[in-house]
Amino acid sequence: MEHAARGARAAGGLTIGLLPGDDPDDANEHIDVAIATGLGHARNAVLARTADGMVALGGGLGTLSEIALALRNRRPTIGIKTWRFDRQDRTEPELPIAENATEALDWLVMSAPHQLDERARSGFRQAFGYPPGAVAVAPGRINIIGEHTDYNEGFVLPAAIDRHIGVALRLRRDARIALRSDRYQASVEFDALPTRRQGNWADYVIGVTREIDQRYDPGPGFDAFVASDIPVGSGLSSSGALDVANAVAMLAARGIELPAVETARLCQAAENGFVGAHTGIMDPFTALTARGGNAILLDCRSMRDEHVPLPDGRFAWLLADSRVRHELALTAYNERRRECEAAATVLGLPSLRDAREADLPGIANPVERRRAQHVVTENSRVLQAADALRRRSPRGLGPLLYASHESLRLDFAVSCRELDCLVELAAGMPQVIGARMMGGGFGGCVLVLVEAGGIDDVEQHLAEGYADEFHKSPEFYRVRSVDGVMPERTT
Ligand code: GAF
């Protein structure tokens, strides 16, 4: 394997994966399939299956497309120190398989949304034997600050990230519905649009379709294929991206035009109604309207939004996934929302958006008072954070992120030991500007704003400290901001 692991020769004689000065004759001639994979510790690699087994063609700290571009340009070294495979020596099932290394590299060079578009399209063709009628690709998101404020008509500051879900679909002549995904093996089929929740990923597709049917005429059945590279349950809004990609593709297939805010409301209604998650508007709105390089300061009451510039390339966003997935997260989320509404009612206000700190002693129930305390202080932190971004002062975010975490931990009670540990570890690193738990809570990710040059050390520190405490490693995602939904394309 030493021979094979040193490099490979793709179709057309392109030699890739050799370090400068190595003998190209060492390259393996027989590449059958090339595969890209995300490895632990945020390292990515392009792998190839050769006659001798799997080899890493190139890898390191860049994104897959950067690594692929360097390989294609015959610059095979991008800080490659070790060849590594994922934990079980397997590639991840949802990752693409190309015909040969050259095709894999070309494919990888495409931008993230185009990759998902292509994956959704080819997955659809393979599953159903004909091309899709419409395809849409929607991103996941980070939320810089403003947690559990959206359903209280407050402020949020999210940005879309380079993780996406693509939905390819085609309307049928009958009422049947067939759903496939590259994440789950089993196909899901119905004779007609179900009226009951299924308790799985299909609910998001059904929920959105039901909302469209209710607003317009009931539509026909459809075949759909879902491709995803957003981890589920990490708080990166995989469900929001699925809702939006499905809504945009379905509306396009049915020739319906709907403004972004209305589409976001439709997605939220699907979650609140059919799915039973009483979520706010932040996730679908972000997936629909984000702009790369910017965060969205959204007022969830007026729906006025402002794009504020994210920190420049001297800083990076790192997500440390605790890999904790809490069974009762949905129930607890809905309970938090009820507590907030109860607190607003006690104060005689339409929502906690209108509450001031001075009002809080008027809430007799201590739990409801603490929930309100979080919402009131978090809204003010969002506005301060937006101001720091406008002033191009990313370091100003640090204290706000830590304060947000404390408020979510103590007053809103949606953190857990694993998330607290990651935040504490991050706070101990001089390269870290700030960190906090992100999303609905009870597990998922910690968001870390870090000096770009220190990101390796921070990851290592978090991985070691977390493993000491919990005997498992966090998953890391280095994310970049991207635009919102890729315009739907009817084909
Ligand atoms: C989830 C919900 F979908 C959002 O609406 C928001 O409430 C968030 O949790 C917490 O801020 O992502």
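Proline 311 counts as buried because its relative accessibility is 17%, and the cut-off for buried is under 20%. I start with that residue, and I should say at once that this is a predicted model.

Where does proline 311 sit? It is in the loop between β13, residues 305-309, and β14, residues 315-321. If we set aside neighbours within four places in sequence, proline 311 is in contact with Trp317, Leu389, Pro394 and Leu449. Another residue to look at here is arginine 395, which is 84 residues away from proline 311 along the chain. The C-alpha atoms of proline 311 and arginine 395 are 9.3 Å apart.

Now the chain as a whole. There are 491 residues, and 57% of them are buried. The secondary structure consists of 13 helices and 18 strands. Take the contacts between residues at least 6 apart in sequence: 68% of these join residues at least 24 apart. The exposed area of the chain is about 20,000 Å², with 48% of that supplied by carbon and sulfur atoms.

Next, histidine 164. This residue belongs to strand β8, which covers residues 158-171. Is histidine 164 buried or exposed? Its relative accessibility is 2%, so histidine 164 counts as buried. Which residues does histidine 164 touch, not counting those up to four places away in sequence? One group is Ala112, Pro113 and Leu116; then come Val137, Ala138 and Pro139. Further along the sequence there are Ala227, Ser228, Asp229 and Ile230, and finally Val482.

On to helix α12, residues 417-427. This helix is mostly covered, with eight of its 11 residues buried. The buried ones are Glu418, Leu419, Asp420, Cys421, Leu422, Val423, Leu425 and Ala426. What covers them? The cover includes two helices, α11 at 397-410 and α13, together with strands β14, β15 at 432-437 and β16 at 445-451.

Glutamate 424 is in the same helix, α12. At 60% relative accessibility, glutamate 424 counts as exposed, because the cut-off for exposed is over 50%.

That residue leads to the surface. Glu424, Glu464, Asp468 and Glu469 form a negative surface patch. Which helix gives the largest share of the negative patch? Helix α13, residues 455-470, supplies three residues. Helix α13 is also among the elements that cover the buried residues of α12.

To recap: proline 311 is buried at 17%, histidine 164 is buried at 2%, and glutamate 424 is exposed at 60%.

Note on methods:
Residues numbered from 1 in each chain as written. Predicted model: local features only at pLDDT ≥ 70, side-chain atom pairs only at ≥ 80, totals over all residues. Heavy atoms only, no water. Helix = DSSP H or I, 4+ residues; strand = E, 2+ residues; numbered from the N terminus. Buried < 20%, exposed > 50% of the residue type's maximum accessible area, 1.4 Å probe, protein only. Contact = heavy atoms within 4.5 Å. Patch = residues over 30% accessible without salt bridge, like charges linked within 9 Å, V, L, I, M, F, W, Y side chains within 5 Å. Areas by Shrake-Rupley, 256 points an atom, 1.4 Å probe, with all protein chains shown as cover. Salt bridge = Lys/Arg side-chain N within 4 Å of Asp/Glu carboxyl O. Lys, Arg positive; Asp, Glu negative; His and termini not counted. Charge placed at Lys NZ, Arg CZ, Asp CG, Glu CD.
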